[in-house]
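Visitor: Hi! Could you walk me through this one?
Guide: Happy to. Here it is.

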Amino acid sequence: MGTLKLLQGNEACAEGALYAGCTFFAGYPITPSTEVAEYMSRRLPQIGGAFLQMEDEIAAMAAVIGGSLAGAKTLTATSGPGFSLKQENLGFGMLCEVPCVVIDVMRGGPSTGVPTGPSQSDIMQCRWGTHGDHPVICLTPGYVQEIFSETVRAFNLAEKYRTPVIVAFDEIVGHMREKIEIPDKGVIPIENRRRPTCSPAEYKPFDETKGDVPPVADFFSGYRQHITGLNHASDGFPVNASPRIHTDELRLMRKVEANKKDIIRYEEYLLEDAEVAVFAYGVSGRSGKNAVEQARAAGIKAGLFRPLTIWPFPEEEVAALAARVKAIVVPELSLGQIIYEVERCAKGKCKVVGIYRVDGDPINPTQILDKIKEVK
Amino acid sequence: MSFNYDQYIRGGKLPHIWCPGCTYGIVFKSLLRAVESLKIPKDDIALVSGIGCASRLPGYVDWNTLHTTHGRALPFATGLKMAKPDKKVMVISGDGDATAIGGNHFIHACRRNIDITVIVLNNFIYGMTGGQHSPTTPIGHLATTMPYGNVDPNFNIPDLAKGAGASWVGRGTAYHVPALDKLIIEAMNHKGLSVLEIINACPTTHGRRNKFKNPTDMLLWMKDNSLPITAFDKLPPEKTAGKFPTGVLFKKEAPEYCETYYGLVERLKAQKAKGV
């Protein structure tokens with residue numbers, strides 16, 4: 001038995017990071033994610049880790065990458081406009097394959113929007129926010145316990161696949177307090193980045209012959225290296241010629257795409273015989289679960305598909321679902337973003353119907369239930 | 001005895017990208033001589049840069065090197081330093097990189113007084129993108145985005161650094177090379193944030209548009225328009241008009257950020273051991 005605690009989602013996120021071995025946080029105050037920084041500012045100095053409140057969101061993302069290059073497991077947390085500001089350096093982390101975790105507690109937008117209200121409207125920004133083609137891993141927990149465990153998983157995936165990982169949840173679950181169990185050390189396995197076994201002279205930071213996820217050497221570890229945000233050769237130095245850029249970008253994509261089975265996680269609830277499916281994550285997933293239970297009580301065969309990994313998108317699973325249900329209902333706190341992915345994967349095999357809300361309140365179960373009844 | 005630069009230069013990475021007449025090569029060699037005299041092992045030093053001509057320098061040096069995003073070298077370097085506070089971290093930047101797009105990071109790194117040596121190569125122009133005016137382009141000078149002469153007021157980089165809280169501020173030039181070697185050594189030896197502005201010349205995108213006949217004229221301009229700070233301070237204002245002081249312009253004792261932070265960590269550890 002681990003430790004039971006009553007924690008806010010943002011606090012559980014910080015606990016998850018610490019459980020995963022995070023020793024470095026850099027951030028900037030922004031609602032509704034600030035509690036992650038506040039929690040880390042108390043805990044990290046106690047364990048000898050580094051806490052930095054930087055001058056802005058851009059700097060926080062940069063510091064997190066710098067800390068990771070020096071070998072630390074690093075975290076930053078932000079929301080709304082702050083997530084927009086982080087995009088450039090997030091792209092640097094992706095191209096340079098720097099493990100780190102970015103928390104986005106989603107609030108209403110665009111611009112300053114609704115700082116204290118929940119939203120799920122950053123979800124396409126999570127996928128396409130930084131310029132250029134790039135792989136993305138993004139997790140979407142919906143319960144405080146899950147925020148803990150998915151933050152641990154985010155660190156593990158970052159280390160395993162040598163890439164920044166985003167954890168995106170909404171203001172409601174970020175601020176909600178629930179009882180959670182923090183498992184004893186060792187219960188959840190912890191991944192650590194693969195480090196080189198070759199000599200420093202032989203080491204190349206992006207050596208594709210070592211696999212799609214080449215080993216990482218820490219700065220100051222004797223493996224002197226050059227890291228650049230320019231497209232680079234396997235030795236890390238800039239190249240601007242084909243075919244290297246093409247093959248390396250394909251490798252970056254492949255290390256996520258080819259490992260989807262390992263990365264994608266979701267909950268299927270009452271889907272076995274379902275005629276109507278609800279596709280929802282985060283707080284909308286919670287409402288979805290309640291709506292499905294009410295529908296079942298009313299004799300309607302409804303079920304829930306709740307992704308915990310939103311990127312890479314569970315394409316095959318949604319395609320299979322679309323082939324066996326009459327309709328998929330997609331409630332989201334936006335004016336319709338993730339529904340595009342559901343439609344893309346459903347390929348017209350079933351109806352796909354959205355429920356959208358951006359007024360600062362969650363989509364309630366009744367709204368979803370009404371839609372289930374309408375499409376059944 | 002000639003200095004062995006090869007011990008620090010990465011095999012196969014030269015020639016550099018800088019144009020003929022560019023003074024960055026002079027600074028590059030001076031930096032290598034300074035590091036040699038400080039006897040810092042290559043594994044224990046990191047050189048971080050942003051974007052621009054100056055920012056390509058780290059690629060040529062056989063240290064731990066990091067070429068980041070435009071203006072952001074300092075926060076990347078801050079991350080490295082906080083994770084490994086016992087290592088030497090340096091930043092090399094340009095006038096636009098450090099004081100325009102990176103201006104916020106620059107002033108806050110100065111305020112924090114974290115132990116990073118910041119070298120700003122001021123060539124008065126955005127060179128890599130072809131000659132747009134920067135925060136240090138002299139008023140009236142032509143730039144591709146100031147075709148009628150620059151009307152955009154300037155930053156004085158040492159004043160900015162001092163005002164923001166840097167604990168060591170200096171200025172050298174690519175013309176005064178023996179003095180530059182000494183300044184780089186002193187900047188690197190300083191505990192805390194040190195800012196060394198080095199006056200440079202960009203003949204390609206600045207000089208030829210602004211009545212400098214050749215790169216040599218630009219170096220002679222540095223000679224004719226600079227004064228050591230010791231002489232500068234003794235002269236009346238009418239004698240120093242249009243000239244700039246060089247040397248160690250400012251230094252002070254101030255708490256270094258990593259020492260303060262990890263001092264706190266030690267205090268908490270001691271309290272915990274005592275059961276406080």
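Visitor: How do H1(B) and H6(B) lie to each other?
Guide: They are oblique to each other, because that word covers angles outside the ranges under 35 (roughly parallel), over 145 (roughly antiparallel) and 65 to 115 degrees (roughly perpendicular). This is a predicted model, where local features need pLDDT of at least 70, side-chain atom pairs count only at pLDDT 80 or more, and totals for chains, interfaces and linings use all residues. Residues are numbered from 1 along each chain as written, with chains lettered from A and ligands numbered from 1 in the order written.

Visitor: And what is the angle between H1(B) and H6(B)?
Guide: About 50 degrees, for H1 (residues 24–38) and H6 (residues 177–189) of chain B, with axes 9 Å apart. Helices here are DSSP runs of H or I with at least four residues, and strands are E runs of at least two.

Visitor: Which residues of H1(B) meet H6(B)?
Guide: Among them are Ile26(B), Leu31(B) and Arg33(B), and on the H6(B) side Leu180(B) and Asp181(B) are included. Contact means C-beta atoms, placed from the backbone, within 7 Å. The contact residues divide into nine nonpolar, two polar and two charged.

Visitor: New topic: which domains does chain A have?
Guide: The domain assignment gives domain 1 (3–182) and domain 2 (265–375). Their centres, taken over C-alpha atoms, are separated by 26 Å.

Visitor: How many residues does the contact take from each?
Guide: Domain 1 of chain A gives 24 and domain 2 of chain A gives 20. On the domain 1 side, H5(A) supplies the largest share, four residues.

Terms used:
Axes fitted to C-alpha atoms, helices over the stretch in contact; angles between N-to-C directions. Contact = placed C-beta atoms within 7 Å. Nonpolar A, V, L, I, M, F, W, Y, C, P; charged D, E, K, R; others polar. Domains from an automatic or database assignment.
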